[in-house]
Amino acid sequence: MELIFAAALCSVVVSILLKVAKNRGLSPIHMISWNYATASLLCFFWFKPDIQHISPSQTPWFLILALGILLPSVFLLLAKALESAGILKTEIAQRLSVVLSLAAAYFIFQEQFNQLKILGIALGIGAVLCILFSHRQGSGQGSQGMLYLGLVWVGYALIDVLLKYTTSLGLQFAVALNLMFICALIMSMGYLLFKYKSLGSIQNIGAGLLLGVLNFANIAFYVKAHMLLKDSPAIVFAGMNILVVVFGVIAGVMFFKERIKPASAAGLLLGLTSVICLAYAMSA
């Protein structure tokens, strides 16, 4: 359980760092780009992927490239959502992307669903709608918040589906993850040089490398928890998602003075119920 706690904490600290960075004059896009330098190295030394035996002809390079572009893009959307919608709603939208992932599993991969899983998906969609509705305001900022929350929800689900499809082709998880990080690093650095003609200030680079440590720690602790609790995946899944939402609520209320509106509270309750239903459905 300590690993799940640590993974959830790292996930929320990533969001806090991105949210604070903008107020401190740092550039989220530079931080996100440099984050993949640390994540790539840590992934190589932690998971020890068998890169030497990669077959260039059989590796799905198109999918790796697509994920290499999607990872930093959705990360940037996450930063925008945190800025405009707050950490509470963003964390819930990010975690409930699993609803779309499961819907894709049903319609695309022909996975069989039981009633509990269908209920979990329905509650999850209701939760996201409540969160989006609670942020609907007349100002442009409110409209932007809705847009970024929706894109974060869809973006993380798309990454999850593509990653599952990539690994289903026979590519090991460690290899796929390392290749994605390396591709995201190359694409991000290329974008920085093209757009800004600079790779960033010392402050942006340092913050980005720290972000990479936290981002990778979140993944490493989560994967390790699944390995240690391989017979109880529901505990890992539910524990991670619920703890992230709870930590997000605490961070939003205590550190950023965010208000929990009735619609947000309803979305929070529906979201937690959805996660619990899906966890039990997956363990059934």
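**Packing of helix α2 against α3 and α8**

In this predicted model, helix α2 passes helix α3 in a right-handed crossing. The two helices, of which α3 spans residues 61–85, pack at an angle of about 140 degrees, and their axes lie 10 Å apart. Helices α2 and α3 are therefore oblique to each other, given that an angle has to be over 145 degrees to count as roughly antiparallel. On the side of α2, the contact is formed by P28, I29, I32, N35 and Y36, which meet L71, P72, F75, L76 and A79 of α3. Sorted by residue class, the contact of α2 with α3 comprises nine nonpolar residues and one polar residue, with no charged residue taking part.

Helix α2, which covers residues 28–47, also packs against helix α8, formed by residues 173–195; the axes of this pair come within 8 Å and cross at roughly 155 degrees. That angle makes α2 roughly antiparallel to α8. The crossing in which α2 passes α8 is left-handed, whereas that of α2 past α3 is right-handed. The α2 residues that meet α8 are I29, H30, S33, W34, Y36, A37, A39, S40, C43, F44 and F47, and their counterparts in α8 are F173, A174, L177, N178, F181, I182, A184, L185, S188, M189, Y191 and L192. The residues of this contact of α2 with α8 divide into 18 nonpolar and five polar, again without any charged residue.

Residues I29 and Y36 of α2 appear in the contact with α3 and also in the contact with α8.

How values were computed
Residues numbered from 1 in each chain as written. Predicted model: local features only at pLDDT ≥ 70, side-chain atom pairs only at ≥ 80, totals over all residues. Heavy atoms only, no water. Axes fitted to C-alpha atoms, helices over the stretch in contact; angles between N-to-C directions. Helix = DSSP H or I, 4+ residues; strand = E, 2+ residues; numbered from the N terminus. Parallel < 35°, antiparallel > 145°, perpendicular 65-115°, else oblique. Left-handed = near helix turned anticlockwise from the far one by under 90°. Contact = heavy atoms within 4.5 Å. Nonpolar A, V, L, I, M, F, W, Y, C, P; charged D, E, K, R; others polar.
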